[in-house]
Amino acid sequence: INTRGFHPNGKPSNVKGIAVSIPLNSIYISTLESLQRIDLSTGKIVWEKMIQGGCDRMAISPDGKTMYLPYLEGKVWNVVDCKTGGIIKKIDGFKRSHNTLISLSGNHVYLDDIGSPCLTVVDKRTNEITGKIGPFNNFIRTFTINGKDTKAFVTVDSLLGFEVGDLKTHKKTAHVEVEGWTTGPVRRHGNPSHGIGLTPDEKELWLCDGFNMRMHVFSAKPPYQQLTSIPLQ
C-alpha cells in the first residue's frame, strides 16, 4: 500500500501512530506533520490532512467514529472526526502531549502528557477532562489499562519497573521494580521500561527493558510477582 506523509523536502516523514476504524474500514497513519486515512479494501488514500502542531500517538473510539490525536509533544489533543478528518474540538492545558488510550467501553479516554506525573482522564461523551490519576513518581511514558477500566499500569522516567494507578479512586496504588537486573543507559527516551502490555487474559504484564534487552514478565495481580525474564537478542 502506497502511503503519503512527506516532509516539505519530499522525504518520508517519521510515523508516530497507527489506528483502525472497523466501521469505516480504514487505517489511519500519523506522521510528524500529517494524518492520513487509507481505505482497507482498495488500499487508496481517502484523505491526508496537514495538522497544525503535528501528530503523535492517537487512539480511536470503539465505534470507529472519533479519534483523539495529540499534538507532537505540544499542549493540545485534537478530537477528530474519523470520516472527514475534521477537528471537532481541542482539549488543551498540557505540556508534552504524547500517548493516548481509550477504554474498551468507550466511556473514558486516557491522555499521557509526558511532561506530567499524572494521567489525564477525559469523558468521551463530553470531551471534557474529568480527573487526573496519580501523581506517579516521575513523568509518565508508555502505559496500558485493563479491560474493566479499573487499573492503569504506567512506566515512568528513570524506573526499571512500573507503577499502578486505581482508575476509580485516581490514586497510585503500587510501585514495582524489576529485581535481579541493573538499570543502565538506554538508547532512546528517559526511561528503561519504554513499553508495557497485558496479555489478552490479563493474567500477565509484560515490561520492556531497553538496557538489558529483556522482556520482564509479571503477574498482573497484587503483589505483582516477577515471573520470568525473556532475552530479546
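Contact here means heavy atoms within 4.5 Å, and by that criterion 37% of the contacts in the chain between residues at least 6 apart in sequence join residues at least 24 apart. The model is a predicted one, in which local features need pLDDT of at least 70 and side-chain atom pairs count only at pLDDT 80 or more, while totals for chains, interfaces and linings use all residues. Residues are numbered from 1 along each chain as its sequence is written, and side-chain values use heavy atoms, with hydrogens and water left out.

The chain has 0 helices and 20 strands, where helices (H or I, at least four residues) and strands (E, at least two) are DSSP runs numbered from the N terminus. Its radius of gyration, taken over C-alpha atoms, is 18 Å, close to the 17 Å that the globule rule (2.2 Å times the number of residues to the power 0.38) gives for 233 residues, so the chain is as compact as a globular protein of that length. Along the principal axes, the C-alpha atoms fill a box of roughly 50 × 40 × 35 Å. Of the 233 residues, 50% count as buried, a term that means under 20% relative accessible area, with exposed meaning over 50% and partly exposed lying in between (1.4 Å probe, protein chains only). The chain exposes about 11400 Å², of which carbon and sulfur atoms supply 52%; these accessible areas come from the Shrake-Rupley method with a 1.4 Å probe, and for residues only the protein chains shown count as cover.

One open sheet has 4 strands in the order β9-β10-β11-β12, with antiparallel pairing, and two strands are said to pair if DSSP finds at least two bridges between them. At the edges stand β9 (97-102) and β12 (128-133), each with a single partner strand, so one side of each is left without a neighbour in the sheet. The twist from one strand to the next averages 30°, the axes being lines fitted to C-alpha atoms (for helices over the stretch in contact) and the angles running from 0 to 180 degrees between N-to-C directions.

Within this sheet, β9 pairs with strand β10 (residues 108-113) in the antiparallel sense over 5 bridges; Asn99 has Asp112 as its bridge partner, and Leu101 stands opposite Tyr110. The two strands form a hairpin with 5 residues between them, and Gly106 in the turn has a positive phi of about 80°. On to strand β11 (residues 119-123), β10 is again joined by 5 bridges in an antiparallel arrangement, with Val122 as the bridge partner of Val109, and a hairpin of 5 residues makes the connection. β10 is mostly covered, since 5 of its 6 residues are buried.

A further open sheet is formed by 4 strands in the order β17-β18-β19-β20, also with antiparallel pairing. Here β17 (196-198) and β20 (226-231) stand at the edges with a single partner strand each, so one side of each is left without a neighbour in the sheet, and the twist averages 20° from one strand to the next. β17 and strand β18 (residues 204-209) pair in the antiparallel sense over 3 bridges, and Ile196 stands opposite Leu207 in β18.

In strand β19 (residues 214-219) lies Ser219, which is buried, with a relative accessible area of 18%. A polar atom of the Ser219 side chain lies 3.3 Å from the backbone nitrogen of Lys221. Leaving aside neighbours within four places in sequence, Ser219 is in contact with Lys203, Tyr224, Gln225 and Leu227.

Notes: Polar contact = N/O pair within 3.5 Å; in protein donor to acceptor, adjacent residues only side chain to side chain.
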